[in-house]
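Thank you all for making time this morning. I would like to walk you through one structure, going slowly enough that anyone who has not seen it before can follow along on the screen.

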Amino acid sequence: LLREAGRHVAAVFSPRAVLVISDEQVAARYLGAVTASLQGAGFSVSTALVPPGEQSKSKDRLFDLYEACFAARLERRSLIVALGGGVVGDLAGYVAASYLRGIPFVQMPTTLLAQVDSSVGGKTGINLPGGKNLVGAFHQPSLVLSDVAALATLDDRQYRAGLVESVKHAAIADAEYFDYLEKNIEPLLSCDTAVLEHIASENCRIKAAVVAEDPTEQNKRRILNYGHTLGHAVETASAFSLLHGEAVAAGMIAAGMLEDAMGLVKDERLSRLRRLLEQLGQPTRIPKAISKAALIDLLKRDKKAVGQWPRFVLLEQLGRTLCKESQWAHEVAPEAVETVIEALV
Ligand SMILES: NC(=O)c1ccc[n+]([C@@H]2O[C@H](COP(=O)([O-])OP(=O)(O)OC[C@H]3O[C@@H](n4cnc5c(N)ncnc54)[C@H](O)[C@@H]3O)[C@@H](O)[C@H]2O)c1
Ligand SMILES: [Zn+2]
């Protein structure tokens, strides 16, 4: 698909100026093919690269990219292409959301996490030193081109951590899809193309349906945050030595234990979730180096906290999220959360 990018973009946009934003690592592998293909389809292409890694979701890189937009003489009808993982997608997406008050953009996700999650749904943004994704905008891509062949060059740990978001989508919305994941561990771990195409499309289907109902996260979209409330805290407290997916894996186990403590669990979901995550090589505990106090402090400052305490997304059963009094995120007593953290560290 990346080699045919020009044809696919041309199906949505007539020829115009395009700025392809990527990171150095992805660019070394795929930028040449994408640029050549876009040029072949009549687009006039400029490129801008950032260093790989979360640090690039910063105000400095953002402003470098605004300068690149200016140098490339982008106009409001021009196009930005985000070629890379979630970092590039969030950053380039926010450039597109804000430069000239918004120009269209296309996602070409190259990590599993980006293909099964971040490229769909229109959340874009950057980090502040004090926290992740604190500055951003909702800006939907006009096209998402997921080439699963690009995953062949992805590092194994990144790849496995990306599978966690697939498990999450299955857990919150589709028990049959959860079965499918359980039955396909081997092909999943060996990057089988047919299985990858299936999971990329299943995740897009599930996430797009939730986002279409609630694009700006007034309520139901919160279910996509399953496992993320404690997960984000663990990710930050680990000083990002844990990958996002790895932290979310532990966060989903925590959510399952809260459901258990609250008497919501009547199926085998917690043990199935734990087994599946373990088979995918994901942590189901919180690293010892992380203190409970640090996690509680981070939870109090959660972006979505109400009165300094976050709400939790919980499952009613495998494949169905709990909705009570038309709310999709719920109050959980701090003591219950502390008990779960103690058990998980
Ligand atoms: N917008 C959303 O809805 C959303 C959802 C989930 C996560 N995110 C964000 O996504 C980011 C994480 O994204 P990520 O996990 O994709 O990380 P990433 O973009 O940093 O990519 C991980 C690493 O893999 C490299 N890489 C990417 N594609 C490659 C390929 N095909 N072959 C070889 N190397 C490749 C990158 O250079 C990078 O070093 C976080 O900032 C997170 O906040 C956003
Ligand atoms: Zn996530």
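Gly-125 has Gly-136 as its bridge partner in β6, and since this is a predicted model, please take everything I say as a description of that prediction. The two strands involved here are β5, residues 123-128, and β6, residues 131-138, which run antiparallel and are joined by five bridges. If you follow the chain from β5 into β6, you pass through a hairpin of two residues.

Gly-125 also comes up in connection with Asp-90, a residue of helix α4, which spans residues 86-98. Which residues does Asp-90 touch, once those up to four places away in sequence are set aside? The contacts are Lys-57, Ser-118, Lys-123, Thr-124, Gly-125 and Asn-133. Asp-90 counts as buried, because its relative accessibility is 12% and the cut-off for buried is under 20%.

Let me turn now to the sheet, which is open and made of five strands in the order β2-β1-β3-β4-β7, with parallel pairing. The edges are taken by β2, residues 44-50, and β7, residues 143-144, and because each of these has a single partner strand, one side of each is left without a neighbour in the sheet. Helix α2, residues 24-40, packs on this sheet, where it touches β1, which covers residues 17-23, as well as β2, β3 and β4, and the direction of α2 makes about 160° with that of β1. Another helix, α3, residues 59-71, lies across β1, β2 and β3, and runs at about 165° to β2.

Within the sheet, I would like to look more carefully at β3, residues 79-84, and β4, residues 105-109, which run parallel and are joined by five bridges. Across that pairing, Val-81 stands opposite Val-106 in β4. Is β4 itself largely enclosed by the rest of the structure, or left open? Five of its five residues are buried, so β4 is indeed largely enclosed. It helps to recall that in a regular strand the side chains alternate between the two faces of the sheet. In β4, Phe-105, Gln-107 and Pro-109 are on one side, Val-106 and Met-108 are on the other, and with all of these buried, both faces are covered.

Moving on from the sheet, we come to Asp-155, whose place is in the loop between β7 and α6, the latter being residues 156-173. Asp-155 is partly exposed, with a relative accessible area of 45%. Along the chain, Asp-155 and Thr-111 are 44 residues apart, while their C-alpha atoms are separated by 9.3 Å.

A similar description can be given for Asp-179, which belongs to helix α7, residues 175-183. Asp-179 is partly exposed too, its relative accessible area being 27%. From Asp-179 to Arg-272 there are 93 residues in sequence, and the distance in space, C-alpha to C-alpha, is 9.7 Å.

That pair leads us to two helices, because Asp-179 is one of the residues of α7, along with Phe-178, Leu-181 and Glu-182, that meet Arg-272, Leu-273 and Leu-276 in α12. Taken by class, this contact has four nonpolar, no polar and three charged residues. As for the geometry, the axes of α7 and α12, the latter being residues 269-279, come within 10 Å and cross at roughly 40°, which means that α7 is oblique to α12. The crossing of α7 and α12 is left-handed.

I will finish with a second helix pair, α11, residues 244-261, and α14, residues 334-344, whose axes are 10 Å apart and which pack at an angle of about 130°. That angle makes α11 oblique to α14, and the crossing of these helices is right-handed. Here Ala-250, Ile-253, Ala-254, Met-257 and Leu-258 in α11 meet Ala-336, Val-337, Val-340, Ala-343 and Leu-344 in α14. What does the contact of α11 with α14 have by class? The count is ten nonpolar, no polar and no charged residues.

Conventions
Residues numbered from 1 in each chain as written. Chains lettered and ligands numbered in written order. Predicted model: local features only at pLDDT ≥ 70, side-chain atom pairs only at ≥ 80, totals over all residues. Heavy atoms only, no water. Helix = DSSP H or I, 4+ residues; strand = E, 2+ residues; numbered from the N terminus. Buried < 20%, exposed > 50% of the residue type's maximum accessible area, 1.4 Å probe, protein only. Axes fitted to C-alpha atoms, helices over the stretch in contact; angles between N-to-C directions. Parallel < 35°, antiparallel > 145°, perpendicular 65-115°, else oblique. Left-handed = near helix turned anticlockwise from the far one by under 90°. Contact = heavy atoms within 4.5 Å. Nonpolar A, V, L, I, M, F, W, Y, C, P; charged D, E, K, R; others polar. Pairing = 2+ DSSP bridges.
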